[in-house]
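Reader: I want to go through this model step by step. Please keep the answers short and reasoned.

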Amino acid sequence: MFNQVALNDDQLTETGLSATGTGRILLIACGALAREILDLKAANGWDHMDLTCLPAKLHLYPEKITDEVRKAVAKHRASYDDVFVVYADCGTGGLLEAACKDLGVKVVAGPHCYSFFEGNERFASLSESEFTAFYLTDFLVRQFEAFILKPMGLDRHPELRDMYFGNYDTLVYQAQTDDPALTEKAKRAAETLGLKFERRFTGYGDLQTTLAQVSSSLG
């Protein structure tokens with residue numbers, strides 16, 4: 001497993017992660033996926049794949065994601081044999097997929113990371129019965145304050161909880177790793193939001209499958 005100590009979640013949120021300049025395939029990803037992708041690279045020996053991440057905070061402004069991906073592709077594509085975008089739709093309303101098609105680069109399938117961690121097929125089958133579920137991944141559990149409490153003002157005005165979360169009944173923690181400390185933090189997040197708690201160990205889901213396909217087909 002990749003040594004995650006060197007990664008700083010605040011940095012991944014605010015500035016992302018720079019490419020190393022090595023490898024033939026560049027993965028352009030969200031900062032929220034950096035640890036998972038680096039773990040998969042290390043575990044599978046995908047040394048021919050490099051990684052750069054855009055700031056995870058772009059998820060708070062999904063209308064900016066498509067343009068930032070375009071800029072990243074333009075910046076890096078001449079230095080690599082191929083580029084693969086590790087974003088799902090992520091609230092872009094199909095604009096990211098259209099942009100990637102226009103740029104001639106491939107992109108992860110699915111509406112968002114909750115779906116591909118769960119597995120897109122399984123998530124689609126659950127979606128009709130889980131419309132009152134609020135999802136967190138490992139990254140979002142670690143960054144719960146930065147991505148949920150502070151942007152929504154709940155750290156200053158907890159009385160707003162019902163306005164934001166009154167239609168939810170369960171917090172589903174999709175665990176990529178088996179980390180008791182993260183599970184406890186996720187439980188506390190559920191308590192803070194007044195939601196029931198459910199933990200699912202999803203592992204890397206379709207992210208692992210997709211990157212394996214990218215590694216073999218483009219490598």
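Reader: Is Asp-155 buried, partly exposed or exposed?
Author: The model is predicted, and the accessibility is computed from it. Buried ends at 20% and exposed starts over 50%. Asp-155 has 40% relative accessibility, so the label is partly exposed.

Reader: Which residue forms a salt bridge with Asp-155, and what is the N to O distance?
Author: The partner is exposed, with a relative accessible area of 54%. That partner is Arg-156. The closest N and O atoms of Arg-156 and Asp-155 are 3.1 Å apart.

Reader: Which residues are joined into one network by salt bridges that share partners?
Author: One link in the model is between the side chains of Arg-122 and Glu-118, at 2.8 Å from N to O. Shared partners extend the network to Glu-130, Glu-198 and Arg-200. The members are Glu-118, Arg-122, Glu-130, Glu-198 and Arg-200.

Reader: Which residue of the Arg-122 and Glu-118 salt bridge is buried?
Author: Arg-122 has a relative accessible area of 43%, so Arg-122 is partly exposed. Its partner has 11%, and buried means under 20%. The buried residue is Glu-118.

Reader: How far apart in helix α3 are Glu-68 and Lys-71?
Author: Helix α3 covers residues 65-76. A salt bridge links Glu-68 and Lys-71, with the closest N and O atoms 3.3 Å apart. Glu-68 is partly exposed at 27%, while Lys-71 is exposed at 53%. Along the helix they are three residues apart, or about one helical turn.

Reader: How many salt bridges does the count come to?
Author: Side chains of opposite charge can pair when their charged atoms come close. The cut-off here is 4 Å from a Lys or Arg side-chain nitrogen to an Asp or Glu carboxyl oxygen. By this rule the count is 14.

Reader: What arc do the buried residues Asn-120, Phe-123 and Leu-126 of helix α6 cover?
Author: Helix α6 covers residues 120-127, and Asn-120, Phe-123 and Leu-126 are buried there. They lie on the same side of α6, because their arc around the axis is only 130°.

Reader: Which residues are exposed on the other side of α6?
Author: An α-helix has 3.6 residues a turn, so residues three or four places apart point the same way. The exposed residues on the other side of α6 are Glu-121 and Ser-125.

Reader: Which strand gives the most to the largest nonpolar core?
Author: The core holds 66 residues. Leu-27, Ile-37, Val-86, Tyr-87, Leu-171 and Leu-211 touch the most other members. One strand, covering residues 25-30, gives six residues. That strand is β1.

Reader: Where does Thr-137 lie?
Author: Thr-137 has a relative accessible area of 4%, so Thr-137 is buried. Beyond four places in sequence, Thr-137 touches Cys-113, Tyr-114, Phe-117, Tyr-173, Gln-174 and Gln-176. Thr-137 lies in the loop between β5 (133-136) and α7 (138-142).

Reader: Which elements each supply at least two residues of the lining of the largest pocket?
Author: The largest pocket has about 510 Å³ of space. Of the 30 residues that line this pocket, the closest to its centre are His-59, His-112, Cys-113, Tyr-114 and Leu-140. The elements are α5 (113-118), β5, α7 and α8 (144-149).

Note on methods:
Residues numbered from 1 in each chain as written. Predicted model: local features only at pLDDT ≥ 70, side-chain atom pairs only at ≥ 80, totals over all residues. Heavy atoms only, no water. Helix = DSSP H or I, 4+ residues; strand = E, 2+ residues; numbered from the N terminus. Buried < 20%, exposed > 50% of the residue type's maximum accessible area, 1.4 Å probe, protein only. Arc of directions from axis to C-beta. Core = buried A, V, L, I, M, F, W, Y, C linked by side-chain atoms within 4.5 Å. Contact = heavy atoms within 4.5 Å. 1 Å grid on protein atoms, 1.4 Å probe; cavity = no way out; pocket = protein on both sides within 12 Å on 5 of 7 lines; lining within 4 Å. Points joined across faces, edges and corners; volume = space filled by probe spheres on them.
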